[in-house]
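New to this one? Here is a short, informal walk through a few of its features.

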Amino acid sequence: MESATVTSPTPGSGSAAGDKGLKTGALGFVSSLVIGVASTAPGYSLAASLGIVVAVSGIGLQAPAVFILAFIPMLLIASSYYYMNRADPDCGTTFSWVTRAMGPHAGWLGGWAIIVADVIVMANLAQIAGLYSFLLVGWDSAAESTAAVTAVGVVWIAIMTWICVVGIELSARTQVALLGAEVITLTLFAVVALIKVAAGEAGPNAVDPSLSWLNPFDIDSVDAMVSGVLVAVFIYWGWDSTVTVNEESRDSTEGPGKAAILATILLLLIYVIVSIAAQAYNGAQTLIDNQEDVLSVLGKDVFGEPLDKILIIAVLTSAAASTQTTILPTARTSLSMARNGAMPRILGDVHPRFQTPHVSTALMGALSIVWYVGLTIVSENILFDSIAALGLMIAFYYGITGFACAIFYRKVIFHSLKTVLLIGVGPLLGGVMLLAIFVKSCWDLADPDNSESGDSWFGLGPPLVIGLGFLILGAILMLVWQARHPQFFRRRPEVADEGILERAPAA
């Protein structure tokens, strides 16, 4: 199909960027950056993933190097977000951009992957928020009760959904407070742990930090490297929330994209510094033995009682903040899809007073609660298996966005060496890396032994069935919608012209 050459976002009936009724100019650069970093839940991500990375055979003390390697595809995809946002600052992000570059079918599936991934992860975030609410006050019996944890988790979802409905500015202020507490706590942990290591007051298996921990070539094998990156790459997921609030940002074409890139860099620094401090304090084996939550275990030794509670606060605020910021991109993706005729029109409604997509936001919260409670009732193992399937959704929509950038800008890639690298090679390489991760994840998840329950569905691991099942369900729903509302699917792919780069010079 022949592509159309465009020089600016194509206006539509209420679907153009900045024409959806959202509160424009509400967010500054710092607010966008905070939303992006908070969305990844760095405190919880480290607590739940660091031990798993260290435990990978052949990784050990090279965990910081693994985090550096996992950062590379995220930075490359962040570059594609930056340049696609400059051409089309639409809150639908992947949906809007992939539609323009690769056609409506690919765009629809990209938007669907965002929505599904966010709904699935909400259950995990709510579970953590509920659990750590009880751990904070020392109510261990309630923390061990599935019903009590679920009930509090539902309350967290409801509260954060309400905040997102009331307004983007309240959402941003809440994020600043939650992320501030989280980052301060993680910084204190790293500083105190490293001081104790230097003073000889750390654990009995303490190890002096070494620059070799940052060297990926010191990892024992390529297989170990790949396995470690497969675990680590997804703890960066969430930085793209900075761009989903682009239409509510003051500098919609530049600020959100720059915030996305800076968010990935800040996350890298957090992950590397904290992982160095954690493994130096008492060695790798302590992290391996406490994979479910390395921070709370180390907190007792690093800070002592009752100061160890501040690490519980870090994980709690991390999960709570991410619960809120997960609602934002989903609601705005469905808003954009609805305004473009790709989803029911009601999802495109914007509250006249709060200037937020209140219908999409409320529906996101409701679906998250239904999914969370439903899976908890059926089986907690299925809940955990659904979390394992998240990687497929993330790799899919991040990867396709990288491809979309290179395809959309293909006629102007050779404008300069800078554009060749940042608009062409970088996003394309990021897309290829995410595609490889998608394929490798499918291969690993196909083994039932890699699931939480060890069950076999159709001879495959439940996480693979859940992940691919949702993508197939999306394709079916897309075809059903196309049969009833074909107009959106008649759009032709577009391509950028030289004028886009001239009007928006590279940063």
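What follows looks at a pocket, a few buried residues and one loop histidine. Keep in mind that this is a predicted model.

**The second largest pocket**

Let's start with some open space. The second largest pocket has a volume of about 550 Å³. Its lining is made up of 25 residues, and the ones nearest the centre are W112, I115, M343, L367 and L477. Four helices each give two or more residues to that lining: α5 (104–136), α13 (309–339), α14 (358–378) and α18 (462–484). Which of the elements gives the most to the lining? That would be α14, which supplies 8 residues.

And what kind of residues line this pocket, by the count of nonpolar, polar and charged? The split is 21 nonpolar and 4 polar, with no charged residues in the lining.

**Cysteines and a buried serine**

Looking for disulfides? A search through the whole structure turns up 0 of them. Take C405, which is in no disulfide: the nearest cysteine sulfur belongs to C91 and is 19 Å away. A disulfide needs the two sulfur atoms within 2.5 Å.

C405 is also one of several residues here that are tucked away from the surface by the accessibility count. The cut-off for buried is under 20% relative accessible area, and these three residues meet it:

| Residue | Relative accessible area | Class |
|---|---|---|
| C405 | 0% | buried |
| S49 | 12% | buried |
| C442 | 15% | buried |

So C442 counts as buried because its relative accessible area is 15%, and S49 counts as buried because its value is 12%.

Where does S49 sit? You'll find S49 in helix α2, which covers residues 42–55. Setting aside neighbours within four places in sequence, S49 is in contact with V231 and I235.

**A histidine in a loop**

Now over to H351, which is found in the loop between α13 and α14. Those two helices came up earlier, as both give two or more residues to the lining of the second largest pocket.

What does H351 touch, if residues up to four places away in sequence are not counted? The answer is T356 and H358. There is also a polar contact closer by in sequence: the side chain of H351 reaches the backbone nitrogen of R353 at 3.0 Å.

Then there is G167. H351 and G167 are 184 residues apart in sequence, yet their C-alpha atoms are 9.5 Å apart in space.

Note on methods: Residues are numbered from 1 along each chain as its sequence is written. This is a predicted model: local features need pLDDT of at least 70, side-chain atom pairs count only at pLDDT 80 or more; totals for chains, interfaces and linings use all residues. Side-chain values use heavy atoms; hydrogens and water are left out. Buried means under 20% relative accessible area, exposed over 50%, partly exposed in between (1.4 Å probe, protein chains only). Contact means heavy atoms within 4.5 Å. On a 1 Å grid over the protein atoms alone, a cavity is a set of points where a 1.4 Å probe fits but cannot get out, and a pocket is an open set with protein on both sides within 12 Å along at least five of seven lines; lining residues have an atom within 4 Å of a point. Grid points are joined across faces, edges and corners, and a volume is the space filled by probe spheres set on the points. Ala, Val, Leu, Ile, Met, Phe, Trp, Tyr, Cys and Pro count as nonpolar, Asp, Glu, Lys and Arg as charged, and the others, Gly among them, as polar. A polar contact is a pair of N or O atoms within 3.5 Å; within protein, one must be able to donate a hydrogen and the other to accept it, and residues adjacent in sequence count only if both atoms are side-chain atoms.
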